[in-house]
Amino acid sequence: MKLVIFAGPPTCGKTTVIRQVLKRMIARQIKPAYLKIDVLYADDDSIIAKEFGIPVKKIYSGELCPDHCNVVVLDEAVEWAEKSGASYLFVETAGLCLRCSPYVENSLGIVVLEATSGMNLPRKIGPMLTLADISVITKIDLISQAEREVFRYRVLESAKGITVVESNALYGIGIDPIVKHILKTPDVEFPMFLRGNPPVGTCTICVGKKEIGAKNHFGVLRTLDHELFYVGE
Amino acid sequence: MEVNKITLFGGYGKDGSEEKVKEFSMEVGDIVSIVGPTGCGKTTLINDIELFANQNTPSGRRVSINDEPVPEDFIFDPSNHPIALISQHTNFLSDLPVEEFLTIHATVRGAKDVESIITETLNFANELTGEAIMRDIGMTELSGGQTRSLLIADAVVIGNSPIILLDEIENAGIHRTKALELLKRYKKIFVFVTHDPCIALMSDFRIVMKNGAMQQMISTRQEEKRVVGKMKQIDDMMLDFRQIIRSGDELTESLFNENFKVLTF
């Protein structure tokens, strides 16, 4: 089983890129399975099932962090894809807090970024970009040449050695290089491991303490003017 | 690598039939126009050039540079990318002040003397636009005409791209025939998508499009060059009328007739 993980901020064009890629994969007689992990709402799974007739699955992470959700379900998802007869599993995630990245070792990590989100975006999103193998930049036709150059430069500055693909996915432009990389993806190995380290955990907010202010919490904390410190046993 | 020549090899039109123009080449110093009715595929054509189509776009066209396939680092390295495209949708999204924005772009492009290149860029832009662009104004506060002017100036001067594609600049509220004359001073390849007869006839040749396909390639003959000289006079007259109305004056019959009499044909 080969695993391809697509991440990127909401509405950046992940699904459009995936549909263009699927079109080209299916033309090569490869039928991937597709898993969508989203927080509250998604209908891409039914659209993709209808358009391509491939096995699809959708999970709402709901109360759970979507990247957390990705970690706890991915092994079963690979088994599901295998049982459904696919040789590839495409996972589309909703990266949100920008401290995690959903990529797994021996998978292909693709981050989709929209050029219209501003020249500073590549500097803001951390491991979702820096741990990816390919950065697909969408909506390139909407911004000035200057901003486009600065955007691409800053992607390369944040994630050295990453492959940058500029695409106008609506018109299927710039999709072939992505497919070329996908076809070279190795098989995943078990047990699977996350690429990179997750953020510092055991968080009181995550477990439901809603009071604002460091004095109401314990564990690893900080105040406005002091760096991280620890309160607790 | 220096770009001296770019060649486009034809593909297929919307109905799948082969394009009548099998290939055309543009060399440094050339000005080329793409003409044809709305929806005939002009923008798609320049998108193909911009993306160095290699039979991987819906049209099946192919691009070569200096008679060779396009090198990969041209496509992926921002400071090497030889094409700047200014489309009808292109805009500045950054709200940085003009000077700071141009500094970032010049730095990314590896400019040695950032200050002088910014001055040159702004001077160029200000020749195209009605109201001068101030250095400390936010990019998103620029007017439509100022934005187009700065997009063009930035691509020509800071980007120094050897190939510049301009999609319908006549709608931009800038002095277009002046723009063309200014652009001619720079040794580049300019491709205009245009509905404007002046721009089309001031080009070295034009590609006529229909139904997604290149139908004809027409070189501008001496006779057309004489015609465009006359058209420019009419154009300048219209600009004078525009100026009269813009500045709050009335366009009287006698003023109209006076302007008309100046025409030398």
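# Talking through a predicted two-chain model

Modeller: Let's start with chain B, where an open sheet of four strands runs in the order β2-β1-β4-β5 with antiparallel pairing. Keep in mind that this is a predicted model.

Colleague: What makes β2 and β5 of chain B the edges of that sheet?

Modeller: Each has a single partner strand, so one side of β2 (23-27) and one side of β5 (68-69) is left without a neighbour in the sheet.

Colleague: How do you know that β4 and β5 of chain B count as a pair?

Modeller: Pairing takes at least two bridges between the strands. Strand β4 (residues 62-65) of chain B and β5(B) have two bridges, in the antiparallel sense, so they meet that cut-off. To see where they line up, find B:Ser64, which stands opposite B:Pro69 in β5(B).

Colleague: And what joins β9 to β10 in chain B?

Modeller: Six bridges, between β9 (residues 205-210) and β10 (residues 213-219), with the strands running antiparallel. For a landmark, take B:Ile207, whose bridge partner in β10(B) is B:Met217. The hairpin has two residues between its strands, and B:Asn211 takes a positive phi near 50° there.

Colleague: Now the helices. Why is α4(B) called roughly antiparallel to α6(B)?

Modeller: The axes of α4 (residues 114-128) and α6 (residues 176-184) of chain B cross at roughly 150° and come within 9 Å. Angles over 145 degrees count as roughly antiparallel, so that is the name this pair gets.

Colleague: Which residues meet there?

Modeller: From α4(B) you have B:Phe124, B:Glu127 and B:Leu128, and they meet B:Lys178, B:Ala179 and B:Leu182 in α6(B). By class, that contact has four nonpolar, no polar and two charged residues.

Colleague: Stepping back, how do you know that the radius of gyration of chain B agrees with a compact globule?

Modeller: For 265 residues, a compact globule would come out near 18 Å, and chain B has 20 Å, so the two agree. Its C-alpha trace spans about 60 × 45 × 30 Å along the principal axes, and 39% of its residues count as buried.

Colleague: Over in chain A, why is A:Lys139 called buried?

Modeller: The cut-off for buried is 20 or more other C-beta atoms within 10 Å. A:Lys139 has 20 such neighbours, so it counts as buried. You'll find A:Lys139 in the loop between β6 (134-138) and α6 of chain A, with a positive phi of about 60° although it isn't a glycine.

Colleague: What about A:Gln29: buried or exposed?

Modeller: Exposed means 12 or fewer neighbours. A:Gln29 has 6 C-beta neighbours inside 10 Å, so it counts as exposed. A:Gln29 sits in the loop between α1 (14-27) and β2 (33-38) of chain A, and its phi is positive too, near 65°.

Colleague: Why bother pointing out those phi values?

Modeller: Because most residues other than glycine have a negative phi, and most peptide bonds are trans. On the second point, a cis peptide bond joins A:Phe190 and A:Pro191, with omega about -5°. A:Pro191 is in the loop between α7 (176-183) and β8 (219-221) of chain A.

Colleague: Last one: how many residues of each chain are in contact with the other?

Modeller: 19 from chain A and 24 from chain B. On the chain A side, helix α6 (residues 145-158) gives the most, with seven residues. That side has eight nonpolar, six polar and five charged residues.

Methods: Residues are numbered from 1 along each chain as its sequence is written. Chains are lettered from A and ligands numbered from 1 in the order in which they are written. This is a predicted model: local features need pLDDT of at least 70, side-chain atom pairs count only at pLDDT 80 or more; totals for chains, interfaces and linings use all residues. Axes are lines fitted to C-alpha atoms, for helices over the stretch in contact, and angles run from 0 to 180 degrees between N-to-C directions. Angles under 35 degrees count as roughly parallel, over 145 as roughly antiparallel, 65 to 115 as roughly perpendicular and the rest as oblique. Two residues are in contact if their C-beta atoms, placed from the backbone, lie within 7 Å. Ala, Val, Leu, Ile, Met, Phe, Trp, Tyr, Cys and Pro count as nonpolar, Asp, Glu, Lys and Arg as charged, and the others, Gly among them, as polar. The radius of gyration is taken over C-alpha atoms; the globule rule is 2.2 Å times the number of residues to the power 0.38.
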